[in-house]
Amino acid sequence: MAQTLQTDRNRTVDQIMSHYSDAPGVRANIYRLLNSGRLAGTGKLVILPVDQGFEHGPARSFAPNPGGYDPEYHVKLAIEAGCNAYAAPYGSIQAVAHDYAGKIPLILKVNNHDTLCDENDPVPAQTSSVKDALRLGCAAIGFTIYPGSSGWKSMYEQLRGLAEEARENGLAVVVWSYPRGSALSKQGETAMDVVAYAAQIAAQMGAHVIKVKLPTDHLEQDAAKKVYQAEGIPVATLAERVKHIMQSAFDGKRIVVFSGGGKKGEESIFEEARAIRDGGGNGSIIGRNSFQRPRADAVKFLNTIMDIYAGKIQ
């Protein structure tokens, strides 16, 4: 029975990897992401991202659970919970890599944005490099783009250069594709058509793993709305919307994980995980909803999400 389970898991990962034509070094690091933690070999991922201190400020991020002010707290949590990977900006990875590189795949977030300056059209700054990721023993780089921002051109061009350098050096590329900017309404940032477009852009930019927010059933663009209605694209349930996001990411041939968003109740997140699973998504990249809970509660919370993805909990 154990051998059959292992064979099935190998087939699942091999099927995912058949869609990637990268060099062996890059493929090895994608395999590392898929074959680490409690979900190893299932084709599902739960990644702990902790860039919120940079993005939202320390008190907003860590005061609910003060242990989180220490970067080591987070990597220990990711390992204890059995996450597939830990993602963070340069300072946090630098603080822990000496002791934890190789114990869990690390993803270096190479660009970041803060909220001290209110911007209608945000453009993140590059805060670290591919060279830093290699020196710190990372499996991948992470990069945020904001489709809908007037700064899209510089972001896409910067991503192209960093992604090329990452692939040349055997690193995987994870793209946070978050619609935001003056071209969109607030509701439009999570609109079905807009999030699907963001997933497509990330795939076209060469992302190996794509992170997007869960979409609502709102349709932002008039031209897209006409097509959704004319073609009868199902968007009523969250599982249907996840399925359409996967279609938009090369018909499911790219790994897509979904953001956990701001702190909310456990049952709400568990229902979202079920919808991601049932819609064919690859998992979650979930930060504040994890590390803002007491450690034991966070481990139990993450393990429950993993069990939902593994099919142990319906």
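**A friendly note on the fold and its pockets**

1. Of the 314 residues in this protein, 54% count as buried. Please keep in mind while reading that the model is predicted.

2. On overall shape, a compact globule of 314 residues would have a radius of gyration near 20 Å, and the protein's 18 Å agrees with that. Along the principal axes, the C-alpha atoms fill a box of roughly 50 × 50 × 40 Å. The accessible surface is about 13400 Å², and carbon and sulfur atoms account for 50% of that surface.

3. The protein has 14 helices and ten strands. If you take the contacts between residues at least 6 apart in sequence, 73% of them join residues at least 24 apart.

4. Now to the pockets. The largest one has a volume of about 840 Å³. Its lining counts 38 residues, and those closest to the centre are His56, Tyr178, Arg180, Lys213 and Arg288. Two elements, α3 (52–56) and α11 (238–248), each give two or more residues to this lining, with α3 providing the largest share at three residues. Sorted by class, the lining has 14 charged, 13 polar and eleven nonpolar residues.

5. The second largest pocket has a volume of about 160 Å³. Which helix gives the most to its lining? That is α9 (residues 192–204), with four residues. The residues lining this pocket include Pro147, Tyr156, Leu184, Val194 and Ile201. Here the classes come out as eight nonpolar, two polar and no charged residues, so you may like to view this lining beside that of the largest pocket, with its 14 charged residues.

Methods: Residues numbered from 1 in each chain as written. Predicted model: local features only at pLDDT ≥ 70, side-chain atom pairs only at ≥ 80, totals over all residues. Heavy atoms only, no water. 1 Å grid on protein atoms, 1.4 Å probe; cavity = no way out; pocket = protein on both sides within 12 Å on 5 of 7 lines; lining within 4 Å. Points joined across faces, edges and corners; volume = space filled by probe spheres on them. Nonpolar A, V, L, I, M, F, W, Y, C, P; charged D, E, K, R; others polar. Rg over C-alpha atoms; globule rule 2.2 N^0.38 Å. Buried < 20%, exposed > 50% of the residue type's maximum accessible area, 1.4 Å probe, protein only. Contact = heavy atoms within 4.5 Å. Areas by Shrake-Rupley, 256 points an atom, 1.4 Å probe, with all protein chains shown as cover.
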